[in-house]
Amino acid sequence: MQFHHHGYVSGEPRTQPAAGVGVNRPADLPNEVDVLIVGTGPAGMITAAQLSQFPDITTRIVERRPERLAIGQADGIQARSVETFQAFGFAQRITEEAYRIVEMAFWKPDPENPSRIVRTARPEDDPTGISEFPHLIVNQARVLDYFAEFMKNSPTRMEPDYGFEFVRLEVDDDADYPVTVTLIETAGERQGQERVVRAKYVVGADGARSKVRQAIGCTLAGDKANHAWGVMDVLAVTDFPDIRLKCAIQSGSGGSILLIPREGGHLFRMYVDLGETDPHDNGAVRATTIEQIIAKANAILSPYALDVRDVPWHSVYEVGHRLTDRFDDVLPEDLGTRTPRVFITGDACHTHSAKAGQGMNVSMQDGFNIGWKLGHVLEGRSPESLLATYSAERQVVAKNLIDFDKQWSTLMAKRPEEFEDPSELEDFYVRTQEFPAGFMTQYQPSMLVAEPVHQGLAQGFPIGKRFKSAPVVRVCDGVPTHLGHHAVADGRWRIYVFAAGATAGASTKTAEFAHWLTTAPGSPLAATPEGADADAWFDVKVIYQQDHTQVDIGVVPAAFKPAVGPFGLTDYEKVYATDPAENIFDLRGLDRSGVVVVVRPDQYVAAVVPLDATRELEQFFAGLHSPVRTAQPAT
């Protein structure tokens, strides 16, 4: 963590100085805003958290509830999400309080006595090292709390506006604030009264019954599996030996349980199979009582018993898979003729079962994706055409998720005798681990993702996929660290320069590239506003092939040691060397002649080029830059 560059900090360094619209931020919801986010679920909160880093953009997030969420329905946190939490500064803290999944146990009917269940497999959760981050279980409400803390400590001092329910919206592209939103107050002295807010952009993160989705004419299309599950968070006493392990349990009498231990050492969640449902019964299964769910769980667990002492939360749901054909308000016939003004995220545009643990995780990546793009357009960094990439990128991801979840939920609902191979369920779990961990997303070439012409120079950093971190050593102080862990959610692009193999600090190719970065009119750094720090828009780092003791930091080019803050202090923490135990050049298949890896603000690899391909970099960033202007705060 870096601080003191603007002067001595004696308090909490995670609290950034108030700036822009965060100075004397009005407590009441303004009449005009740059971005209005509807809904404080995971997708909405991460969008708000990202936008809270843009001081001159007025973003407000409204929620119909009168206060914070106390108990969330989602709880599975995949490793990709923990990577994302690292960028927002709370990965370590949430890991400490969460339940960590390292194994999964599979239970099936005892072949000698099918009325009993026995453990048949206990595979590792991540045997191949997909990520250095863990797979966690923690209440969704705590995730939202951490994002709220990040927002409140940001330059904009953002906080949710509780007690406002979305009613309708209208779009007039010719207006300064094109989206007129009508809200109704749900709490306080003005309860029941309407309120009108005008916005430049609206993000609908208001769940599966999204009114924002309805307002832009989108519909969820798909089907039901006609299979119901009871889900309960319980405190209980049991003789089942794997009660603190994630388990897939299949009984001989019919029915399955997905057991998810929760944070705190005592609480656990059970998804209890309630069987097939009649598609014409108007959801009668939803009237299943908690006592019936507990009884069903005991039948499946036989010969073990479950004595439930407390039920903080329970519900009944039928598996459904639905998706919208677009994630914004641009109709298919209008593509290319107008830019979107309204976006939908998370459950508002894709719904699926909870058993793959993907809903909250994919929703947060929706919000991360649209958040920085809105920030760049509103600040004048990028053209409005950037916003069209949101729906194009995330709709494909949601479709892939639904296809995966159909397979997993179908397998979970099968009776043991219906499997052709007795180990089919656990084999599928092991074989597909990269997908539920959140690492199969790969964005296709676009204005944000270059063609993989030079992919061979960095085989371990596939273009379009998330930047997979690796160990390095910081040269200035010899501290071992992970390269990707310093990519905070501040809206900046990352340019990683993997130096050529000559003497560290004196490589001609590396020095020439550094000189181009700081002097050429076509360099992406040339777009940085006058008066801003040299790294305000682009975070440039260099990684040398040598041991850190062999790198003379005094001759490292100035491009990798920018002057920052009002005192022009030198930032020495952008110069790295290889870790002798785990050489990043070998781990990620990096060409020893040098390579540049460009990473988007949301941690996805955008381009891979050789050190001398400056013309290619210039052309790539040319379409992403607008004439520089200063964003004006909304009133």
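This briefing describes the cavities, the nonpolar cores and selected strands of one structure. The model is predicted, and the account below moves from enclosed space, through the packing of nonpolar residues, to the pairing of strands. The count comes to 3 cavities of 30 Å³ or more, and the largest nonpolar core holds 135 residues. W493 belongs both to the lining of the second largest cavity and to the residues that touch the most other members of that core.

**Cavities**

- Rolling a probe the size of a water molecule over the atoms shows where empty space is left.
- The largest cavity encloses about 120 Å³ of space, and its lining is made up of E83, Q86, E132, F133, F467, S469, G484, H485, A487, Y496, V599 and Q603.
- By class, the lining of this largest cavity comprises 5 nonpolar, 5 polar and 2 charged residues.
- The second largest cavity has a volume of about 80 Å³, and the residues that line it include W372, H376, R381 and S382, together with W493, W537, F538 and H625.
- In the lining of this second largest cavity, 8 residues are nonpolar, 3 are polar and 1 is charged.

**Nonpolar cores**

- In soluble globular proteins, nonpolar side chains tend to be buried together.
- Within the largest nonpolar core, which has 135 residues, those that touch the most other members are F88, F147, W493, F498, F560 and V597.
- Helix 7, spanning residues 359-379, gives the most to this core, contributing 9 residues.
- Apart from this core lies another one of 47 residues, with I117, I293, I294 and L306 among them.
- When residues up to four places away in sequence are not counted, F498 touches F461, L483, I543, I584, F585, L590, G594, V595, V597 and L611.

**T441 and its surroundings**

- T441 is located in the loop between helix 9 (424-431) and strand 19 (471-474).
- The relative accessibility of T441 is 16%, and T441 therefore counts as buried, since buried means under 20% relative accessible area.
- Leaving out residues up to four places away in sequence, the contacts of T441 are R394, V397, G464, K465 and Y604.

**Strand 19 and its two partners**

- In a regular strand the side chains alternate between the two faces of the sheet.
- From strand 19, P471 and V473 point one way while V472 and R474 point the other way, and all of these residues are buried.
- Strand 19 runs antiparallel to strand 20 (residues 480-482), to which 3 bridges join it, and P471 has H482 as its bridge partner in strand 20.
- The hairpin formed by strand 19 and strand 20 has 5 residues between the strands, and G478 in this hairpin takes a positive phi near 70°.
- Strand 19 also pairs with strand 25 (residues 575-578), in the antiparallel sense and over 3 bridges, with A577 in strand 25 as the bridge partner of V473.

**The sheet of strands 3, 7 and 4**

- Strands of a sheet pair through backbone hydrogen bonds, either parallel or antiparallel.
- An open sheet of 3 strands is arranged in the order 3-7-4, and the pairing in this sheet is antiparallel.
- Strand 3 (76-77) and strand 4 (99-101) stand at the edges with a single partner strand each, so one side of each is left without a neighbour in the sheet.
- Strand 3 pairs with strand 7 (residues 135-137) over 2 bridges in the antiparallel sense, and I77 stands opposite L136 of strand 7.

Terms used
Residues are numbered from 1 along each chain as its sequence is written. Side-chain values use heavy atoms; hydrogens and water are left out. On a 1 Å grid over the protein atoms alone, a cavity is a set of points where a 1.4 Å probe fits but cannot get out, and a pocket is an open set with protein on both sides within 12 Å along at least five of seven lines; lining residues have an atom within 4 Å of a point. Grid points are joined across faces, edges and corners, and a volume is the space filled by probe spheres set on the points. Ala, Val, Leu, Ile, Met, Phe, Trp, Tyr, Cys and Pro count as nonpolar, Asp, Glu, Lys and Arg as charged, and the others, Gly among them, as polar. A nonpolar core is a set of buried Ala, Val, Leu, Ile, Met, Phe, Trp, Tyr and Cys residues joined through side-chain atoms within 4.5 Å. Buried means under 20% relative accessible area, exposed over 50%, partly exposed in between (1.4 Å probe, protein chains only). Helices (H or I, at least four residues) and strands (E, at least two) are DSSP runs, numbered from the N terminus. Contact means heavy atoms within 4.5 Å. Two strands pair if DSSP finds at least two bridges between them.
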